[in-house]
Structures are given as structure tokens and as C-alpha cells.
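Biologist: Could you go through this structure with me? I should like to take it chain by chain and then turn to the contacts.

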Amino acid sequence: MNFEVIFFFLIAASAIVSAILMVTQRNPIKSVLFLIVNFFCLALIYLILHAQFIAIIQILVYAGAIMVLFLFVIMLLNLGDETKLVEKMSYKKSIASILSGVVLLEIMIGLGLPFGVGFSAMNSKAIEIGTVESIGKSLYTEFILPFEITSMLLLAAIVGVIVLAKKKF
Amino acid sequence: MYNFVGYIVLLPFIGFLINGLFGKKMNSEKLSGIIGSGVVGISFVIAAAIFFEMLKLPVEERSHIVTIFNWITAGSLSISAAYQVDQLSILMTLIVTGVGFLIHVYSIGYMHGDKGFWRFFAYLNLFIFMMLNLILANNFLLMFLGWEGVGLCSYLLIGFWHDKKFDTGGYKPGEATTSDAAKKAFVVNRIGDFGFLIAMFLIFKLFSSLTFEDVFSRASAIIPVGDKTMFWITLLLFLGATGKSAQIPLFVWLPDAMAGPTPVSALIHAATMVTAGVYMVARCSVLFALAPASMEIVAIIGISTAIFAATMGLVQNDIKKILAYSTISQLGYMFLGLGVGAFASGIFHVMTHAFFKALLFLGAGAVIHAMHDEQDIQNMGGLKSKMPTTYKTFLVAALAIAGIPPFSGFFSKDEILWKAFSQGSYIYWILGWVTAGLTAFYMFRLVSLTFEGKERWSHDKHPHEAPKVMTVPLIILAVLSVIGGLVGVPHSLGGGNAVEQFLEPVFERANLILAGAHSASLSAEYMLMILSVLVAIGGIYLARKLYLQKRELVSKMADSFGGIYKLLWNKYYVDEVYEFTIVKPIKTGSDKLLWRVFDINIIDGIVNGTAKLTAFTSGWMRRIQVGLVQSYALAFVIGIIVILGILIFR
Amino acid sequence: MNFNLTEIPLNYYLALSAIMFSIGVVGVLTRRNAIIVFMCIELMLNSVNLTLVAFSAFHGNTTGQILVFFVMAVAAAEAAVGLAIIIALFRNKMTVNIDEINIMKW
């Protein structure tokens, strides 16, 4: 048990806890904040996996942009708590829990977890490929086409957002 | 020359097309008549040419098969439109085209002025086409095509004047029209055709082929005599023959078929179509020879029908009905001949019968025409001075059918009776002998009441002799009725029995199987001949005496034998019995059960029910579209679970 | 559980990802606030990202991380557009409760 393993378990546990808390919170602002915590945990896990670029991007884009957007919208809409009608449909929660439990079970079985043989997660080349240079090299040579198309996608998204959210057409 | 046989069949079809498609536009009786008759005449010439060529060939080479085209090839079934030209078919072809040609010419005169003139000739040509297909076919299926085709043409021609009222003699009182008679003919024929069809299925199942050559050679090789399947095949074939040739039990359509124009009665219901049954049985002689029980049945039904119909003909008053019953009776003779194994004699009688029966009908037609559509012989009489040619030819035909030598009828009829006797079936001979007497009697009753004696018609009618175009065929047929028998003079009288010798190769296989007809002595043959002639002369004498001199005796006899007379006059109530036992139950059953219950409730129920089921199910299934996003998400998740489950637990 | 670990085996990363995914499923099926549902979807996307990066490190291939890059880009665009739709919806219906948005039914 070296530091890496302990660190991983801690971060994993906090990721799961924050996820559960996010799902069960009444107040949407609190949900957003817990999700941001989750994203931070994930970024740390990416760092364990030597994926530096992805970790930074995770924080920048997800936690920094998308969640801020969520926060803006929630505050814009001035939503209150979800207090009404909670107790009535409790069977909905139990069914949903059961179903998601089944999904989890199936995924576990399908992957042979957790009793399967543990391959080491780390390749010898893992350290080299996580750097910005290596990702940049792949991105601009092998994956140049999806890259360009993604820019078109983002353009379309921008136009769509502006059109949809205007007060008057 | 054999290869021209296709033209024999094709030409009448072309005549049908020309008259059928353009006849109305041509609007010329002369043109329609010439085309209609001409094609049949040319067919006759070609047939005669083939006949003479056949005579030059040695016996083994006389049978040819000419294939026109390949018709059906399906699995093991291979049928071609092919014609088998052998002695039997060429003889029948000569009869059909020859007598047909004469009747066509006669019709030019008879149907003069009728607005459906072109249609008549079109139908006649179509009939000749179908009949030739039937006769010349080399396989059962093509024969069946012709078989059905002549039934169709019979329907079309019987109902030619489709709105003419028709008296069916008590069976259906009131408003029966010729269309009803035509329908009856077709429906009764259908029952026979059903038998033919089943027989064809059985033949195919047994022999895997429908071609005559294949079936007959295999049959004679591998089927034992008395085989059960062969019995059923031949019985069903004979059922078809009873329908087409008006034997018991399917004869009821022929008297009503007299509703059609007289040339139709002459051609179809005397000379050609009704002999199709006889031809078919003769062609399948091998099959029948292998089933002695069927041959017995054929003979029994033949002779029963002969005497049965003769008794009914005794009391009829319509000139054409008498001739119709006479036809049924003579057909019975032919089947008797086939039933005792005298196939050639049966066909010989077909030939002579075609001559004198056609002549009788055409003569009757001339009389009807002259008397302005009067058909009741009680209103005729004394016509011999007004229509001498018709009278003389009619008399010749009557003598022929009565069996007076040296006219043709004597030789053919006597041949059949002799063959029956020499086989040991004395009962057949006796019944046939009685029938011959009855035939002579009613025939000369007809002649006496129509042509001789006092004139019983009102004097606003002016009967006159028929035009040349009608009398010339009469004369030709009369000549044939006289000399036609000379080709069949039996050995005992010094002739060479050319007909039998000519047809022998066709029936060779059957005769081999039948082998061993007992023969009686020559003196017995002479004795029987003399007896036949005596009974014929007796019948003639009795008829003339009763109807010319002592007519009051006739009405006294009618009264004293009142019951029998009524029975005969109502044709033994056969039509009524059929109506009651068969027709009515079928009609009622169809209406109440099949239509109401089955068709409306079940079939419509299924169709409507399917639609209702679809509506119901869709009404129930549309509730899935709830409009709530989370329900859809739920469905997603369930789907994912299912798919993952399948992938994992494969 | 093996206590002699010196490295984290691949399984554990995948297990973590699976758990986060199913938590996301619970959230999608249960919550009535549309925005919370959106966030749960983002959670599910992130779990997939984790799987991809784990495999990329396992194989020594940058393909996984490139894919994560694109997933993030698309998720960003999707989040933006989705939120715009919610704003437009809110303007018409004055609610973001998805139980009340059910006009498209039979």
C-alpha cells in the first residue's frame, strides 16, 4: 500500500460521495457545488493516470465553464427548492434505484469486476502520452478532421444558443 | 401432309376470330357465311388429303404425332399442344369437318335474316375448333381443353336467342327462357367434367404423364386386369362421358338443349359434341379393357339409356324433342358397343349416326322453317307434297335409323348387337332388339304425322320447299346415309368390314387384353340379322297403321294406358326428381348455410375482425406515448438492461 | 480486496466509472428539476471519460485521450444548447418541472 493507492481510494471515495450528494440534494445550487467537487476529484484521478492535459482541461472546461454556466442559469431562473410532491412518488425512487443497481451489476459482471485479475493500469508509455505535446501531435495529425468539424459544431451550438435564448425572435 | 394437321385446327379458329371481331362491321350475311363455311370446308379437304396419304402408308406407320408447341412444363408434368393423327382421330376429324361443313352451308339459309348472323357463325367456328382439339389431342389435358370448350360453345349456341321463351315441358312451369336451358346444359356437363378431372388427377398420379402414348403403353405393361385404381379411373372417365354424351344419369340437358337453333341441334347435339364421350372412351380403350367391371357398367348404362330414351320418344309431340330422345337412345347403342368390347363398331355407329341424325335434324329444321316456327307435329301433316325434297331425304334418314338394309344404320347397329350376342350377353341383345323396334316405331310415327296423312295445319301457313342452300346439304347427307354403311359390311355378308380393319391398330392393345370374345356360329349371325330387320319392319308397319289409318285407336290406347302414358309424357319425372333431391337442397344449403353463416359471419367476420383487432391493439398501445421525458428515460434504461443482459449471458 | 497493491489495477478505475454511471442513472430517473437531470447526464459523461482515459493509459495510446477531448467539446456544446432550451421553456411555462411538460402525448 503505497501512497498512490491510498490516495486513489480517498479520491475515489470522495468522488462517489459527492456524486451521491449531488443527486439527492434539494437545493440546485448545492447540487452544482457538489458536482464541481466531483469534477475536481476526477481531475485528480486523471493526474494519477498521468493524463495531465485532460486533467487541466477538465478543470478549465467542465468545472470552470460548464458548471459556471449551470450556476448562471439557475440563478437566472431563480429556482426554489424542490419541496413539493416529494413524498408522493417514493416508489419512483425505489424503482429507479433498483434499475440502476441492475445496470451496475450487469456492468460489473460484464467487466469481470471486482474479482477478476487486475491488470496493471499503467503502461510504460503512459507518462509520455499524457503530455500536451503528445496530445497536440496526435490531434493535429491523425485527428485533424474531427478537430475541424468540432469547431463547426461549436459554431452551430453558439448560433443555436443565441437564437433559442433571445427574448424576442 | 401430316404436318398440315395444325391447319385443320387453326382455320376454324381464324374463322371464329374474323367473324367474331369483324362480323358486325362487315354486316354481310354472304361474307360471314362464306368465311364460316369456307374454313371448315378447307379443313375437311386437308383432313381428306391426310386420310388418303394415310391409306397409302403401311399399317405400322399410320400413327403420327405432330407437335405444335410446348405448352406446360412443370416438374414432371410436360404437356405439349400436340396432335395425334391416327386412324381413329382422322376418321372423327373427317366426320366433324365434313358434316360440319354441310351444316354450316345449311345455316346460311336457315339463319337468313337473323340479326345475330355473324355471331352464330363465329360460335359455330369456335365449336369446330374446340371439337377438333378434343379429337386430335395427344394428351388428356388438351383433350380436356377441347372438352370444356365444346361445353362452352354448347352453352353459347343453345342460348343463342337468349330471350326466347321456352317450354321445358312441365318441369319449371312458366317463364323459362333459352338461357335457362343453356345454363342447365352447362351445369349438368360440369358434373361430368368433374369426373373427368378427378380421373385425370388419378391418371397422372399413377402414370406420371398425361400423354396418351405414355399412359396407354405403361398401362398395358404394368397394370393387372381388374385393378382397383383403374376401375375408379375408368368409372370417373365414364362419368364425364355420361355428361357430355347424355347418358343416364346426366342426360337431362339434351332435350332442353333443343331450345337452340336447329343447325345447332344438328351439329352439336347429334353429330359431334355428344359423340365426344364415345370418342373418349374409345380412345381410352386400353384403360377400359383393364377394368372389366367398368366395361360392364358402360354396357349396362348404354343399353338402359337406349331403351329408356326410346320409350320417352314414343309420346313426345315436339318434333325436335323426339329427335333429341332418339339421339340419347342411339348414343346408348354406341356405349353398348364400347361396353362389350366392340370399339370399332361403336365408332362406326358414330359415323353413320352423324349422317342420318344430322339429316333428320336439318330436315326438321326445314319443316319448322316452312311452318313458321311451328314445332308440334300434331299440327302438321301432309307436307310431302309441299316439300318433296325434304320428305324424300327425311324418309331416307328414317329408314337408316330404323335399321333397314342396305341403309347405313342397319350395318352399324347390327354390328353392335351381333358383338353383344357373340359375347354371350343375350340380355343386351334382347333389349337392343326391343329398342330397335321402338326406334322404328317412333321414327315412323314422326314421319307419318309430319309428312303424310291429312293436313292438320291452318291454311294461313304456306309451307314451301326450302331454298337450294338448305336442300343440297340434305341431299348429300341422304346419299351418305345410304352408302355410308358400305364401308362396314361384315364378313358374313361378304364385305371386308373396312371400318373395323382400318381402326383395328388403334384398338390393338385393348383387344389383346380382352382376348377371347366367344363367337357364335355364322348361322346365328344370319338369324339375328333377319330378326333385326323383322322387328324394324314391324315397327314401321305398326306406326303407319296406327297413325295414318286408325288414329282414334291411338287416343283410346292413350286413355286406357293412362298411367303409363302420363309417366312417359312427363319423362318419368326425372327432372322433377333431380330438382327435388339435388337442385333444391343445394340451393337452400347455399343460401342458408353457406351464404348466411359461412360467408357473412365467418369470412366477413375474419376480415372485419382483423381490422377491429388492429384498431383495438393500436388504441391500447398508444398509451405508451405519455409525453413525460422520464418515462422515456425509464424505457431507455430498461432497454439497456435487456441488451446488456443478452450480451453478458450469451 | 488485495492489500499488497503497489499499483491500482485497471479494474478499479472501471469499477469507479461504473458506480458513477449508475448514480447518474438514478439521478436521471428520479429528479424532477430539469437542470438537475442535465447535471446527472454530465456525471454520466464524465464516468465515460474516466473509462476512456484509464484505457488510454493502459494501452499507452493517445487515442483515448483525444476522444475525451472531443467528448468534452461536445458536452460543452450540448450543455449550452440544453440550458438555452430550458430558458426558453421557462419563459413559456414558468416552470422547469419536467413532470409538467407533457403536451406531446397521445
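**Chains, contacts and cores**

Modeller: Of the 169 residues in chain A, 28% are buried, where buried means 20 or more other C-beta atoms within 10 Å of the residue's own, exposed means 12 or fewer, partly exposed lies in between, and C-beta atoms are placed from the backbone. The model is predicted, so local features need pLDDT of at least 70 and side-chain atom pairs count only at pLDDT 80 or more, while totals for chains, interfaces and linings use all residues. Residues are numbered from 1 along each chain as its sequence is written, and chains are lettered from A and ligands numbered from 1 in the order in which they are written.

Biologist: How many helices and strands are there in chain A?

Modeller: Chain A has seven helices and zero strands, and its pattern along the sequence reads α-α-α-α-α-α-α. Helices (H or I, at least four residues) and strands (E, at least two) are DSSP runs, numbered from the N terminus.

Biologist: And what share of the contacts in chain A between residues at least 6 apart join residues at least 24 apart?

Modeller: Among those contacts in chain A, the share is 57%. Two residues are in contact if their C-beta atoms, placed from the backbone, lie within 7 Å.

Biologist: How many residues do chain C and chain A each bring to their contact?

Modeller: Chain C brings 61 residues and chain A brings 77 residues. On the chain C side, helix H1 (10–30), helix H2 (34–59) and helix H3 (63–93) each supply at least two residues. H3(C) gives the most, with 20 residues.

Biologist: What is the make-up of that side of chain C?

Modeller: The side of chain C that touches chain A holds 46 nonpolar, twelve polar and three charged residues. Here Ala, Val, Leu, Ile, Met, Phe, Trp, Tyr, Cys and Pro count as nonpolar, Asp, Glu, Lys and Arg as charged, and the others, Gly among them, as polar.

Biologist: Turning to the interior, which residues have the most contacts inside the largest nonpolar core?

Modeller: They are B:Phe127 and B:Ala358, in a core of 209 residues. Such a core is a set of buried Ala, Val, Leu, Ile, Met, Phe, Trp, Tyr and Cys residues joined through C-beta atoms within 7 Å. Its largest share, 18 residues, comes from helix H15 (residues 343–370) of chain B. The core lies between domain 1 (1–66 + 82–138) and domain 2 (139–569) of chain B because both give residues to it; the domain bounds come from an automatic or database domain assignment.

Biologist: What does B:Ala358 touch, leaving aside neighbours within four places in sequence?

Modeller: B:Ala358 is in contact with B:Val99, B:Ile103, B:Ala266, B:Ala270, B:Ala271 and B:Leu477.

Biologist: Is B:Thr471 buried or exposed?

Modeller: B:Thr471 is buried, because 21 other C-beta atoms lie within 10 Å. B:Thr471 is found in helix H19 (residues 468–483) of chain B. Not counting residues up to four places away in sequence, B:Thr471 touches B:Thr389 and B:Ala466.

Biologist: Lastly, how do S1 and S2 of chain B run?

Modeller: Strand S1 (residues 64–74) and strand S2 (residues 77–85) of chain B run antiparallel, joined by nine bridges; two strands pair if DSSP finds at least two bridges between them. They form a hairpin with two residues between them, and B:Gly75 in the turn has a positive phi of about 65°. B:Ile72 stands opposite B:Ile79, and B:His64 stands opposite B:Val85.
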